[in-house]
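Please study the structure shown below and work through the exercises in order. Each task is followed by a worked solution.

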Amino acid sequence: MSQTDNFDDLRDLYQEVILDRGRKPRHGQRLESFDSTAKGDNPMCGDRVQVWLKLDADKVDRVGFEARGCAISVASADLMVETVQGRDKADIKALFEAFRTLARTGACPDCAAALAEPMEQLAPLAGVHEYPSRVKCATLPWHALIAALDGTKEASSE
Amino acid sequence: MNVMTNPIALDVERIRQDFPILTQLVRGKPLVFLDSAASAQKPRVVIDAMVQAMETQYANVHRGLHWMSECTTEAYEAARDAVAALMNANDRSEIIFTGNSTGSMNLLAHSYGRGVLKPGQAVLISGMEHHSNIVPWQLLRDSHGIELRVAPVTDAGELDMAAYEELLSDGKVGLVAMTHMSNVLGSIVPAERVTAIAHAHGAKVMFDGSQAIVHRKVDVQALDCDFYAWTGHKLYGPTGIGVLWGKRDLLERMPPFMGGGDMISSVTYEQSTWAAVPHKFEAGTPAILEGIGLKAAIDYVQAIGYDAMAAHEASLTDHALSRLAAIEGLRVLGQAQDRGGVISFTLDKAHSHDVATLLDRQGIAVRAGHHCAEPLMRRFNLDSTARASFGVYTTHAEIDALADGLVRVREFFQ
């Protein structure tokens, strides 16, 4: 094992933005006033996340979260918040499907052009597709978000 | 590192040659397998025994009147003798084959729990159980009116003996069901004292020996416990075969768990009668090949000897604890006086899943998560830990690789 190996191959998974967001999430707090909340739970590994939503008419106005989990899940939650605020439910569900494809395959060639901008923001998470056991870390906060939108209280990424 | 000459030391380089998988490369690097507590690797003799049975000597057991069936029955039943000898059971009929430890404990919860324990009695577990020794008792509690009690674990990760005895003092506990060695902390429970105290208060004792039997000689007569559960795949044997040992008089009082072929004496539509123990508890075609593989694994372990394995493991564990203690921000969970080769830890800068992924990139396999012991994690205010666990084939150099790797993980997440 070479001591000069600086995990260069891991930089695809742990890009600087992931390390930074995992360490210091911008939106990692509960909302004082909210319309809906749900928990996400990954029972096999113990990661937990809870999201809170504030709606404005049919759009998600603000999202906050608390996460206890790995860098990937915390960073994913943080990036998720920035890409979903201001969008309506149908839009967010479409974005989740696109993100899920990105996380599983590393790309989303058939993604709608309308999603190009948020998908670019989520692109730092594309590296998880090479780590099948870590894909669920990235998708866990989205499962919780969708559960909050649908009014179900709990979600699981298993 | 000083090389100590130890008269009973095992030759780890020689042993490593017995395990074909250890020559595999992972991500282009030599495999450093530190996840034996989840499932151990298999020596060539186990692999060969199972292949040879399939190639030369295989039929169903206990029912054929032909040569192949007789030979297979003999080979399969030889596993029961090997298990009985391994555990120093009084009688080979006290050995029940199950699918795994979980199967053994569910058998006990169903059969002893529903058939012998009475509503209003209690089952006492410890605060460091695997889910497989929690959930079956919760199901029993909810269906059968059994109280479930939990003996706490100290900050050092040991069973709180005073609290344990206090929980037995009202005489309501019918069964103590406890791990013999924690799969998270590595702590070994003082099994003889636990048993003596339970018996003094009228309770029977079952140990979950899934981890302990890999690291320590288990003599059920010396322990004087009443039941002992373990699984083959952690003792270098195949998956799919576990053991429940029980004292014969208790097994005879227990009703069957599953009904079917092999477990009956006679069947009519009005009623059936049961086969004698252990077959009463072994419905259906058993794990024949796995039994044959388990026998090979036991022979292998016995040839090395528990004294040599325990000495090797103690040396590895000491080395690992001292190397890990030197890593800034690393915290080892539990400081039990008596411990086996299982070490859980956290790093201040990185979540255990991230630790595991970065170690994996260096070819080092550890487990990360809650280790099927969520209540224990909560006890220590954690969601997860990384865990390194050792086997007969683990080397000091592999532990150095782990320690060096962790330093680099911490730098990465700085």
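The exercises below concern strands, helices and unusual backbone geometry in a predicted model.

**Exercise 1. Strand β8 of chain B**

Determine whether strand β8(B) is mostly covered or uncovered, and identify which strands pair with β8(B).

Solution.
- Step 1. Locate the strand: β8(B) comprises residues 204-208. A residue counts as buried when its relative accessible area is under 20%. Four of the five residues of β8(B) are buried, and the strand is mostly covered.
- Step 2. Consider β7(B), residues 173-179: five bridges join β7(B) to β8(B), and the two strands run parallel. Within this pair, Thr179(B) stands opposite Asp208(B).
- Step 3. Consider β9(B), residues 227-231: three bridges join β9(B) to β8(B), again in parallel. Here Phe207(B) stands opposite Tyr228(B).
- Step 4. Follow the chain: β7(B), helix α7(B) (residues 191-200) and β8(B) form a β-α-β unit, and this unit is right-handed.

**Exercise 2. Two packed helices**

Describe how helices α12(B) and α15(B) pack: at what angle, and how far apart are their axes?

Solution.
- Step 1. Recall the description: two packed helices are characterised by the angle between their axes and the distance between the axes.
- Step 2. Read the values: α12(B), residues 306-325, and α15(B), residues 396-412, pack at an angle of about 20°, with their axes 10 Å apart.
- Step 3. Classify the angle: angles under 35 degrees count as roughly parallel. Therefore α12(B) is roughly parallel to α15(B).
- Step 4. State the handedness: the crossing of α12(B) and α15(B) is right-handed.
- Step 5. Name the contacts: the residues of α12(B) that meet α15(B) include Leu316(B), His319(B) and Arg323(B). On the side of α15(B), the residues involved include Ile399(B), Asp400(B) and Leu406(B).

**Exercise 3. Unusual backbone geometry**

Locate the cis peptide bond between Val277(B) and Pro278(B), and state whether Ala57(A) is buried or exposed.

Solution.
- Step 1. Examine the peptide bond: from Val277(B) to Pro278(B) the bond is cis, with omega near 5°. Pro278(B) belongs to the loop between β12 (272-274) and α11 (288-304) of chain B.
- Step 2. Examine Ala57(A): this residue is not a glycine, yet its phi is positive, about 55°. Ala57(A) is found in the loop between β2 (47-56) and β3 (59-68) of chain A.
- Step 3. Assess the accessibility: a residue counts as exposed over 50%. Ala57(A) has a relative accessible area of 71% and is therefore exposed.
- Step 4. Examine Cys372(B): its phi is also positive, about 55°. Cys372(B) is partly exposed, with a relative accessible area of 21%.

Technical notes
Residues numbered from 1 in each chain as written. Chains lettered and ligands numbered in written order. Predicted model: local features only at pLDDT ≥ 70, side-chain atom pairs only at ≥ 80, totals over all residues. Heavy atoms only, no water. Buried < 20%, exposed > 50% of the residue type's maximum accessible area, 1.4 Å probe, protein only. Pairing = 2+ DSSP bridges. Right-handed = clockwise from strand over helix to strand, strands pointing away. Axes fitted to C-alpha atoms, helices over the stretch in contact; angles between N-to-C directions. Parallel < 35°, antiparallel > 145°, perpendicular 65-115°, else oblique. Left-handed = near helix turned anticlockwise from the far one by under 90°. Contact = heavy atoms within 4.5 Å.
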